[in-house]
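Please open the model in your viewer and keep the sequence panel beside it, since each stop on this tour begins with a selection to make.

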Amino acid sequence: MKFYILFGPPGAGKGTQASAMVEKYNLRHLSTGELLRKEIAEGTELGKKAKSLIDAGSLVPDEVVEGMIDNAFKSTKDVAGFLLDGFPRTIAQAEALDKMLAAGGEEVTAVVSIMIPDGMIKERIRHRASIEGRADDAKEETINNRIKTYHEKTEPLVDFYKKSGKYVEIDGTGTIEEVRSAIFNAM
Ligand code: ADP
């Protein structure tokens, strides 16, 4: 099985690129952000707890997202692999992922990292806010905190994965088509 990680700051275009990748390689797209928004929409206990953290631009606890990913791995059949989008977001989550995969004799295949500068993050999120209406895209303070959280908690994963030799960086500043073909070349 293939286990691709789609990495990058908020607004880098992970969700946009994910659909082409899953179609071409017969992967299941697992976006922890989308799974959490579904829990919120359904009003579950997990969703209620996650909402205030997401609206503040903070991360939800590692165990929560690790549980969601583990469930999805166990309940998915008939795919060539998975595309993890928005997970892992902390070193602890990356270590938990390695353990989950090792238990089944598997490992991370590659990390595709879409990079854009901080200035562009805000521009992209502002644009997305006008289309998707996500609550966490609406407030300047929330966006700033997500960028801060990304640099503090998530960016250390770049070195973590560079050490494993599985890290490929893609320039995310081009058009959707340019970024897509760079990703396909890398994969
Ligand atoms: P974006 O990439 O635009 O930040 P996501 O949809 O990936 O958006 O995530 C939205 C929010 O969901 C995050 O800001 C965070 O609060 C929460 N979240 C998503 N994935 C994780 C994760 N792996 N660990 C902790 N929190 C997460």
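Begin by selecting Phe 3 and Phe 82, both of which are buried. The model is a predicted one, and in it these two rings form a stacked aromatic pair, with 5.6 Å from centre to centre and 15° between the planes. Colouring by secondary structure shows that the pair links distant parts of the chain, for Phe 3 belongs to strand β1 (residues 2-7) and Phe 82 to strand β3 (residues 81-85), 79 residues apart. Add Phe 73 to the selection, and you have the one aromatic cluster that Phe 3, Phe 73 and Phe 82 form. A search of the whole structure finds seven aromatic pairs.

For another of these pairs, select Tyr 25 and Phe 184, whose ring centres lie 6.1 Å apart with the planes at 70°, so that the pair is edge-to-face. This pair, too, links distant parts of the chain, Tyr 25 being in helix α1 (residues 14-25) and Phe 184 in helix α9 (residues 176-186), 159 residues apart. Tyr 25 is partly exposed, because its relative accessible area is 25%. Now show the side chain of Lys 24 as well, and you will find Lys 24 over the face of Phe 184, at 4.3 Å from the ring centre.

The next selection is a single residue, Asn 26, in the loop between α1 and β2 (27-31). Check its backbone: phi of Asn 26 is near 50°, a positive value in a residue that is not glycine. Asn 26 counts as partly exposed, at 42% relative accessibility. A second residue to check in this way is Asp 78, which has a positive phi of about 60° although it is not a glycine. Asp 78 is located in the loop between α4 and β3, and it is exposed, with a relative accessible area of 76%.

Move on to the loop between β3 and α5, where Pro 88 is found. If you display the backbone here, the peptide bond that runs from Phe 87 to Pro 88 can be seen to be cis, with omega near -5°.

The tour now turns to charged side chains. How many salt bridges are there in the model? The count comes to 12 salt bridges, and several of them are worth selecting in turn.

Start with Asp 70 and Lys 74, whose side chains meet in a salt bridge at 3.0 Å, N to O. Both residues lie in helix α4 (residues 62-75), four residues apart, which is about one turn of the helix. Asp 70 is partly exposed, with a relative accessible area of 24%, whereas Lys 74 counts as exposed at 59%.

Then select Glu 107 and Lys 166, a salt bridge with an N to O distance of 3.2 Å. Here the partners come from distant parts of the chain, 59 residues apart, with Glu 107 in the loop between α5 (91-103) and β4 (110-115) and Lys 166 in the loop between α8 and β5 (167-171). Glu 107 is exposed, with a relative accessible area of 53%, and Lys 166 counts as partly exposed at 21%.

A further salt bridge, at 3.2 Å from N to O, joins the side chains of Lys 122 and Glu 140. It links helix α6 (residues 118-132), which holds Lys 122, to helix α7, which holds Glu 140, the two residues being 18 apart. Lys 122 counts as partly exposed at 23% relative accessibility, and Glu 140 likewise counts as partly exposed, at 42%.

Extend the selection to Arg 128, Arg 134, Asp 136, Asp 137 and Arg 146, which salt bridges with shared partners join into one network. Within this group, centre the view on Arg 134, in the loop between α6 and α7. Is Arg 134 buried or exposed? Arg 134 counts as buried, because its relative accessibility is 15%. Leaving aside residues up to four places away in sequence, Arg 134 touches Arg 37, Arg 128 and Arg 146.

For the last stop, select helix α7 (residues 140-154) and helix α8 (residues 156-163), whose axes come within 5 Å and cross at roughly 35°. To see the contact itself, show His 151, Glu 152, Lys 153 and Thr 154 in α7, which meet Pro 156, Leu 157 and Val 158 in α8. Colouring these residues by type divides the contact into three nonpolar, two polar and two charged.

Notes. Residues numbered from 1 in each chain as written. Predicted model: local features only at pLDDT ≥ 70, side-chain atom pairs only at ≥ 80, totals over all residues. Heavy atoms only, no water. Axes fitted to C-alpha atoms, helices over the stretch in contact; angles between N-to-C directions. Contact = heavy atoms within 4.5 Å. Nonpolar A, V, L, I, M, F, W, Y, C, P; charged D, E, K, R; others polar. Salt bridge = Lys/Arg side-chain N within 4 Å of Asp/Glu carboxyl O. Buried < 20%, exposed > 50% of the residue type's maximum accessible area, 1.4 Å probe, protein only. Phe/Tyr/Trp six-rings, centres within 6.5 Å; stacked < 30°, edge-to-face > 60°. Lys NZ or Arg CZ within 6 Å of the ring centre and 35° of its normal.
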